[in-house]
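Biologist: I'm new to this one. Can you pull it up and walk me through it?

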Amino acid sequence: MLPNFSRENHPFRMKAKIIITPKKAVLDPQGKTVQTALEHMGYTGVTGVHIGKYIEIDLAPGTDKAAATKAINDAAHKLLSNPVIEDYRLEIE
Amino acid sequence: MNFSVLQFPASNCDQDAVHAVRHLGHSARLVWHKDAALGDADCVIVPGGFSYGDYLRCGAIARFSPVMQTVKQFADNGGLVLGICNGFQVLTESHLLPGALIRNRDLQFHCENIFLKTATNDSPFTSKIPAGKILRVPIAHGEGCYFADEETLAKLKANNQILWQYCDKDGNLTDSANPNGALLNIAGICNENRNVAGLMPHPERACEPLLGSDEGKWIFESIFAALKNKTVAAAA
């Protein structure tokens with residue numbers, strides 16, 4: 001049987017994960033609304049909810065991790081996030 | 001005067017802007033986002049709508065279109081650029097204007113008439129607005145809450161870059177007159193050089209009495225006057 005090299009199962013599959021969150025000083029009405037809803041539902045101990053974005057980028061097998069980190073940081077700064085209102089965290093695996 | 005009105009996929013106030021400029025006696029043409037040339041333009045309007053479906057963030061993708069590279073050069077050379085609604089968002093994403101526009105504080109899309117106070121007549125976009133005149137113009141946006149950090153706000157104030165603020169009908173800058181939670185009730189600003197401006201309200205939808213208000217025309221009249229002065233100065 002041939003090995004399954006589909007996108008999900010590729011042995012050298014690399015993924016960049018970018019998590020974007022609103023900066024602390026920026027009003028986050030979605031987060032506030034969800035927090036209120038959680039409280040109404042009876043969930044206690046919630047002190048804050050912040051709603052952001054999650055972006056996954058598939059990278060070609062064998063991509064150099066250091067180069068990819070540099071390129072994606074650049075892209076995250078220019079396009080994927082807006083540094084005026086958002087922070088981001090990048091993970092490559 | 002010649003106006004170039006940009007057209008992105010899902011722009012929807014482009015025709016309104018062209019109509020308003022022509023109605024007020026000047027010429028306007030549409031420029032497709034893939035064109036890198038603006039033609040013979042005295043002023044560029046970045047119109048309202050939902051450019052590129054508002055994907056990722058409003059205005060984020062439009063920033064990288066070929067036409068915006070030309071608009072940036074045009075602005076750097078002192079050309080007048082006005083961004084309306086989505087156009088304002090495009091200009092902040094393009095770093096032609098400081099700050100950002102975020103989701104309205106009540107999460108609602110607001111489509112209504114509001115009142116605008118002109119904070120300064122010292123700009124090509126406000127010079128002809130009669131002193132003390134409160135403009136009644138429509139807004140139509142879900143993400144029009146102006147945000148900038150404290151340092152940027154201080155700079156905007158120090159340089160007189162705040163052009164318009166939401167107010168009540170008597171001109172008071174109240175919280176209840178603020179439709180989206182914008183900091184300092186900011187509805188529109190200009191850059192430090194005062195040749196690029198953006199605002200969330202739609203003056204182009206309020207240029208003739210038939211549409212319920214013709215008070216948006218004062219913004220266009222200001223631009224016409226500024227362009228005329230510029231032409232006179234260049235010829236002298």
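Modeller: Sure. One term to begin with: a residue is buried if 20 or more other C-beta atoms lie within 10 Å of its own, exposed if 12 or fewer, and partly exposed in between. Also, this is a predicted model.

Biologist: Okay, try that on Asp54 of chain B. How many C-beta neighbours has Asp54(B) inside 10 Å, and how does it count?

Modeller: Asp54(B) has 18 C-beta neighbours inside 10 Å, so it counts as partly exposed. Asp54(B) sits in the loop between E3 and helix H2 (66-76) of chain B. Its phi is positive, about 60°, although Asp54(B) is not a glycine.

Biologist: And Leu107(B), buried or exposed?

Modeller: Leu107(B) counts as exposed, because it has 11 C-beta neighbours inside 10 Å. Leu107(B) is in a loop too, between E5 and strand E6 (110-118) of chain B. Leu107(B) is not a glycine either, yet its phi is positive at about 65°.

Biologist: Now the helices. Which residues of H1(B) are buried?

Modeller: In helix H1 (residues 14-23) of chain B, they are Asp14(B), Ala17(B), Val18(B), Ala20(B) and Val21(B). Down the axis of H1(B), these buried residues fall within an arc of 165°, so they line one face of the helix.

Biologist: What do the buried residues of H1(B) pack against?

Modeller: Four strands and a helix of chain B: E1 (2-7), E2 (27-32), E3 (43-46), E4 (80-84) and helix H5 (217-235).

Biologist: What follows H1(B)?

Modeller: Gly25(B) does, with a positive phi near 95°.

Biologist: Switching to chain A. In what order do the strands of the open sheet run?

Modeller: The order is E2-E1-E3, with antiparallel pairing among the 3 strands of chain A. E2 (53-59) and E3 (86-92) of chain A are at the edges with a single partner strand each, so one side of each has no neighbour in the sheet. Neighbouring strands are turned by 20° against each other on average, direction ignored.

Biologist: How many bridges join E1 and E2 of chain A?

Modeller: There are 7 bridges between E1 (residues 14-22) and E2 of chain A. Lys15(A) stands opposite Asp58(A) in E2(A).

Biologist: Which helix packs on that sheet?

Modeller: Helix H2 (residues 65-80) of chain A. This H2(A) touches E1, E2 and E3 of chain A, and its direction makes about 160° with that of E3(A).

Biologist: Last topic. How many residues are in contact between the chains?

Modeller: Chain B has 14 residues in contact with 10 residues of chain A. Strands E5 (100-102) and E8 (145-147) of chain B each supply at least two residues of chain B's side. By class, that side has 6 nonpolar, 2 polar and 6 charged residues.

Note on methods:
Residues numbered from 1 in each chain as written. Chains lettered and ligands numbered in written order. Predicted model: local features only at pLDDT ≥ 70, side-chain atom pairs only at ≥ 80, totals over all residues. Pairing = 2+ DSSP bridges. Axes fitted to C-alpha atoms, helices over the stretch in contact; angles between N-to-C directions. Contact = placed C-beta atoms within 7 Å. Nonpolar A, V, L, I, M, F, W, Y, C, P; charged D, E, K, R; others polar. Arc of directions from axis to C-beta.
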